[in-house]
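Reader: Please choose one empty space inside this protein and take me through it slowly. I would also like to know what lies around it.

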Amino acid sequence: MPQTKDMKKAWNERANRDPFFYVETELWDHDPEKFFALGRERATLLIDPVLAKYAVDPVGKTAVDIGCGVGRFTQALGRRFTRAVGIDVSDVMVEKAKAAAAAFSNLDFVAGNGVVFPLASETADFVWSYEVFQHMPSHDVVKANLVEVARILRPSALGLIHFRTAHEYPTILWHIAKFVPTPVIQRIKALLGKDPLTADTSWRGAKPLPKNTIADFCVAAGLKPIEFLDDPTHAPGSRTFAVVQRAV
């Protein structure tokens, strides 16, 4: 898939500039402890109710964090599960995640190419992804990642995957950007005092997906959508969580 090299290059550039900022652009205040504390808070808010509702026993189990960045949710998962693995398209992010998790003995971090997970089949007891699929540059990349989620999930294991369902800014801007070359958008952003590293499709992402299309993508990938959950951390109607299992 030709987009994978562009994804890796773009996210390595972002990670080299400021890995924390490009994970948490709204709330990053140059305090790593607050950054990781926010991950712990959001894990309590978003992950724990699902684990409780579906009676997921994390003892002896492995959780996988797709698009782990510097590993704040991987660390949170490692506090719950016996083992947690963070996957990211950026080699630089993975190295920084390893450094940040030096105190943990049950975490692993691996770099992938953005469409294939470097993990064996049926090895995950829980798969998590937050604010990652929204950056995927095409629906083909989204579909490929869902196929991989289905592949690594053990039978009856759960996935909790975060999707963008609507833009939080005027949709016309996204449609215009589709037809403008990335270098042009970068120059415009620079002239406006904006960040040029947020100009390409690996940041803007593909068109948002309505829930029925997300469900269709999941089914086609070999996943069974169980339910959709509201996301209290974003504007109402702009994001959703899909609770999924591997289809039998």
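The largest cavity

Author: The largest cavity has a volume of about 90 Å³. The model is a predicted one, in which local features need pLDDT of at least 70 and side-chain atom pairs count only at pLDDT 80 or more, while totals for chains, interfaces and linings use all residues. Residues are numbered from 1 along each chain as its sequence is written, and side-chain values use heavy atoms, with hydrogens and water left out.

A cavity here is a set of points, on a 1 Å grid over the protein atoms alone, where a 1.4 Å probe fits but cannot get out. Grid points are joined across faces, edges and corners, and the volume is the space filled by probe spheres set on the points. The count by this rule is 1 cavity of 30 Å³ or more.

What lines the largest cavity? Its lining, meaning residues with an atom within 4 Å of a point, consists of Phe133, Gln134, Met136, His139, Val142, Phe163, Arg164, Gly205, Ala206, Lys207, Pro208 and Leu209. Helix 6 and strand 5 are the elements that give two or more residues to this lining. Helices (H or I, at least four residues) and strands (E, at least two) are DSSP runs, numbered from the N terminus. Sorted by class, the lining holds 7 nonpolar, 3 polar and 2 charged residues. Ala, Val, Leu, Ile, Met, Phe, Trp, Tyr, Cys and Pro count as nonpolar, Asp, Glu, Lys and Arg as charged, and the others, Gly among them, as polar.

Next comes the setting of those two elements. Strand 5 belongs to an open sheet of 7 strands in the order 3-2-1-4-5-7-6, with mixed pairing; two strands pair if DSSP finds at least two bridges between them. At the edges are strand 3 and strand 6 (223-230), each of which pairs on one side only. On average, neighbouring strands of the sheet are turned by 20° against each other, direction ignored. Helix 6 (residues 139-152) packs on this sheet, touching strand 1 (62-66), strand 4 (124-129), strand 5 (153-164), strand 6 and strand 7 (239-246). Contact means heavy atoms within 4.5 Å. The direction of helix 6 makes about 155° with that of strand 5. Axes are lines fitted to C-alpha atoms, for helices over the stretch in contact, and angles run from 0 to 180 degrees between N-to-C directions.

Note on methods. 1 Å grid on protein atoms, 1.4 Å probe; cavity = no way out; pocket = protein on both sides within 12 Å on 5 of 7 lines; lining within 4 Å.
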